[in-house]
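Here are a few worked exercises to try with the viewer open. Read each task, have a go yourself, and then follow the solution step by step.

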Amino acid sequence: MLIITAPGQGAQTPGFLAPWLELPGVAERLAAASELAGCDLIRFGTTASADEIKDTAVAQPLLVAAAIVTASALCEPGEALADAAAGHSVGELAAGVIGGVLSADDAMRLVAVRGRAMAAAAATEPTGMTAVLGGDQEVVLAAIARHGLTPANVNGAGQIVAAGTLAELEAFAADPPGGARLRPLQVAGAFHTRHMAPAVAALRDAAADVTVTDPAMTLLSDADGAAVTTGKEWLERVVAQVAAPVRWDLCMRTMADLGVTALIELPPAGTLTGLARRVLPGVAQLAIKTPEQLDAARDLIAEHLVEPDAHGHGHLPEWRLIVSPTSGTFRSPPARAGGAAAALTADLGTVMARGAERAVAAPWSLEPAEIIEWLVEDGDPVSEGQPLVRVQLPREGA
């Protein structure tokens, strides 16, 4: 089983698109994408400096366009490209195109709005992000919560990114979790946190005009690693994800559950294959950086792609995770059940944070499901985005 992945912001490097312009049709497709994005993606992908492509309003459309264009070079129209797709942060838009949920043009329109809106939100208050490398994950998450920060990216393989105000990050740096190294990131703001709420509103308005279809392959969500089965849910998740943590660790857990045997990362590749190398042993990986690697990628597809008549959603895990809406202390519902049918709209407990109370609920419209297991106990400290309960989805025909 083969999954194709698209990297997120920070993966871009100066000139990474230059060799791809030698392929027939790539320059024309990038020119069309530039019109939709409102910026010169050919220049930004070939001759622009590192500082220029750090700009969120530039980096995001550049990454999505690069992934879409290079994915199209892997196979002929109508040919199966992969069994599954996933994207890290903004890479989810490229994964949506690959998964057949929305058109490439609509993806470019949305990413243009997303990039500009996130840049504008970041400009309203001094915020930032710090990578936390190593250390015990629970200790790291507790330290992040203690300083009022959000674990904006939980990437697995000992990588978590803390985000919040610069004052909060300074306090965190002065009181780091034991056994971990901190590395401030050169980003414009605290992405995937409450600070991005204005960008969520802007993207939701833009998404109202987008037509989506149900995925043609297994499509994973950064919110909780779940495989989504409808275009509507996928779009709702992508919009909400702007201000919610990216759980790439859970995406990789789902890849293992699905039985993925090969992973291809689209340009500018390297980050996601690096994580997979440490978390998914035995899975073949290829980070595509130049057109010279296309033949190797096609060989990997031919070897690991499930037969076309076996495509669909037969591999989907029949569970979802409900995650914490904020950092704080978890309080169980009065009648906590495990292994008993419970609608996801039912009382699933609350999280107490700074005197406020936030209800735990499924953030998307899902059918009633059965609770498989609780992952936390009453009184446990939890971080925003931390899985709280695993639920079983209704089986077709049940």
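## Exercise 1: A covered helix

Task: find out how many of the 10 residues of helix α9 (residues 231-240) are buried.

Solution. Start with the count: 7 of the 10 residues in α9 are buried, and the helix is mostly covered. Next, put names to them: G231, E233, W234, L235, R237, V238 and V239 are the buried residues of α9. Keep in mind that this is a predicted model. For the wider setting, the protein has 12 helices and 18 strands, and buried residues make up 55% of its 398 residues.

## Exercise 2: The nonpolar cores

Task: work out which residues touch the most other members of the largest nonpolar core.

Solution. First, take the core as a whole: it holds 81 residues, and those touching the most other members are I4, V64, L74, W234 and I264. Then ask which helix gives the largest share: that is α3 (residues 56-72), with 10 residues. Now zoom in on I4. Leaving aside residues up to four places away in sequence, I4 touches L74, L81, A82, A84, A85, A86, I98, I264 and L266. Finally, look apart from this core for another one, which has 20 residues, including V260, L263, V283 and V306.

## Exercise 3: Buried or exposed?

Task: decide whether H304 is buried or exposed, and list what H304 touches.

Solution. Locate the residue: H304 belongs to helix α12 (residues 294-304). Its relative accessible area is 15%. The cut-off for buried is under 20%, so H304 counts as buried. To see the surroundings, skip residues up to four places away in sequence; the contacts of H304 are then M1, L2, D83, T261, A262 and A284.

## Exercise 4: A sheet and its helix

Task: establish the strand order of the open sheet of 4 strands, then place helix α7 against the strands.

Solution. Strands of a sheet pair through backbone hydrogen bonds, either parallel or antiparallel. In this sheet the order is β4-β5-β3-β6, and the pairing is antiparallel. The edges are β4 (150-156) and β6 (180-184), each of which pairs on one side only. From one strand to the next, the twist averages 25 degrees. Now follow one pair: β3 (residues 127-134) and β6 are joined over 5 bridges in the antiparallel sense, and A131 stands opposite R183 in β6. To finish, add helix α7 (residues 166-174), which lies across β3, β5 (159-165) and β6 and runs at about 130 degrees to β5.

Methods:
Residues are numbered from 1 along each chain as its sequence is written. This is a predicted model: local features need pLDDT of at least 70, side-chain atom pairs count only at pLDDT 80 or more; totals for chains, interfaces and linings use all residues. Side-chain values use heavy atoms; hydrogens and water are left out. A nonpolar core is a set of buried Ala, Val, Leu, Ile, Met, Phe, Trp, Tyr and Cys residues joined through side-chain atoms within 4.5 Å. Buried means under 20% relative accessible area, exposed over 50%, partly exposed in between (1.4 Å probe, protein chains only). Helices (H or I, at least four residues) and strands (E, at least two) are DSSP runs, numbered from the N terminus. Contact means heavy atoms within 4.5 Å. Two strands pair if DSSP finds at least two bridges between them. Axes are lines fitted to C-alpha atoms, for helices over the stretch in contact, and angles run from 0 to 180 degrees between N-to-C directions.
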